[in-house]
Amino acid sequence: MTDFEDRKIVLLDEEGAEHEFEVLDIIEVDGAEYAILFPILAEGEEEVDEAIILKIEKDENGEELLTEIEDDEEWEKVADAYDSMLEDEENE
């Protein structure tokens, strides 16, 4: 199981600004793991209703890190898997 499960994490954007996220879920698609993240808004920040998806990979030291999904087909496959999972949960 990944180190990111059931946690709040802070990510840095391109300008070095910190953004806090809640890890909503970890899903596996085609043998790879992906983190579903939802922004935790600071006071005064605009409401967001979309989660983001990042791939969980390991660096050369075996430490887990989150990376953007650069391949559109891979991103669509993961987004579809997450949407299906949400629909299944709603139907239960």
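1. Let's start with N61, which sits in the loop between β4 and β5. Please keep in mind that this is a predicted model. With a relative accessibility of 61%, N61 counts as exposed, because exposed here means over 50%. L37 is 24 residues away from N61 along the chain, and their C-alpha atoms are separated by 24 Å.

2. L41 is another loop residue to look at, placed between β3 and β4. Its relative accessible area is 30%, so L41 is partly exposed, given that the class in between runs from 20% to 50%. Along the chain, L41 and E20 are 21 residues apart, yet 7.5 Å separates their C-alpha atoms.

3. Here is the overall layout, for orientation. The chain has one helix and five strands, and from the N terminus the order is β-β-β-β-β-α. Taken along the principal axes, the C-alpha atoms fill a box of roughly 35 × 35 × 25 Å. Of the 92 residues in the chain, 27% are buried.

4. The helix, α1, covers residues 72-91. How far apart are the end C-alpha atoms of α1? They lie 28 Å apart, and this agrees with the 28 Å that its 20 residues should span at 1.5 Å a residue.

5. Now for the two sides of α1. V78, A79 and Y82 are the buried residues of this helix. Viewed down the axis of α1, the buried residues fall within an arc of 100 degrees, so they line one face of the helix. On the face turned away from that buried side, α1 carries the exposed residues E73 and N91.

6. How many salt bridges does a search of the whole structure find? The search finds two. One of them joins K77 to D30, with the closest N and O atoms 2.9 Å apart. This pair links distant parts of the chain, 47 residues apart: K77 belongs to helix α1, while D30 is in the loop between β2 and β3. K77 is partly exposed, at a relative accessible area of 40%, whereas D30 counts as exposed at 64% relative accessibility.

7. The other salt bridge is between E74 and K55, where the closest N and O atoms are 3.1 Å apart. Here too, distant parts of the chain are linked: E74 lies in helix α1 and K55 in strand β4, with their positions 19 residues apart in the numbering.

8. D30 deserves a second look for its backbone. It is not a glycine, but has a positive phi of about 50 degrees. For background, most residues other than glycine have a negative phi. You can find D30 in the loop between β2 and β3, and it is the residue that forms a salt bridge with K77.

9. Turning to the pockets, the largest one has a volume of about 490 Å³. Its lining is made up of 21 residues, and those nearest its centre are L11, D13, H19, F21 and I52. The elements that contribute two or more residues to this lining are β1 (8-12), β2 (18-29), β4 (52-58) and β5 (64-67). Which element gives the largest share? That is β2, with four residues.

10. What is the make-up of the lining of the largest pocket by class? There are 13 nonpolar residues, two polar residues and six charged residues.

11. The second largest pocket holds about 220 Å³ of space. E50, A51, I52, I53, W75, E76, A79, D80, Y82 and D83 line it. Both β4 and α1 give two or more residues to this lining, and α1 gives the most, with six. By class, the lining of the second largest pocket has six nonpolar and four charged residues, and no polar ones.

12. Some residues turn up in more than one of these points. I52 is among the residues nearest the centre of the largest pocket, and I52 also lines the second largest pocket. A79 and Y82 are buried in α1, and A79 and Y82 likewise belong to the lining of the second largest pocket.

Key: Residues are numbered from 1 along each chain as its sequence is written. This is a predicted model: local features need pLDDT of at least 70, side-chain atom pairs count only at pLDDT 80 or more; totals for chains, interfaces and linings use all residues. Side-chain values use heavy atoms; hydrogens and water are left out. On a 1 Å grid over the protein atoms alone, a cavity is a set of points where a 1.4 Å probe fits but cannot get out, and a pocket is an open set with protein on both sides within 12 Å along at least five of seven lines; lining residues have an atom within 4 Å of a point. Grid points are joined across faces, edges and corners, and a volume is the space filled by probe spheres set on the points. Ala, Val, Leu, Ile, Met, Phe, Trp, Tyr, Cys and Pro count as nonpolar, Asp, Glu, Lys and Arg as charged, and the others, Gly among them, as polar. A salt bridge is a side-chain nitrogen of Lys or Arg within 4 Å of a carboxyl oxygen of Asp or Glu. Buried means under 20% relative accessible area, exposed over 50%, partly exposed in between (1.4 Å probe, protein chains only). The expected span of a helix is 1.5 Å times one less than its number of residues. The arc is that of the directions from the helix axis to the C-beta atoms.
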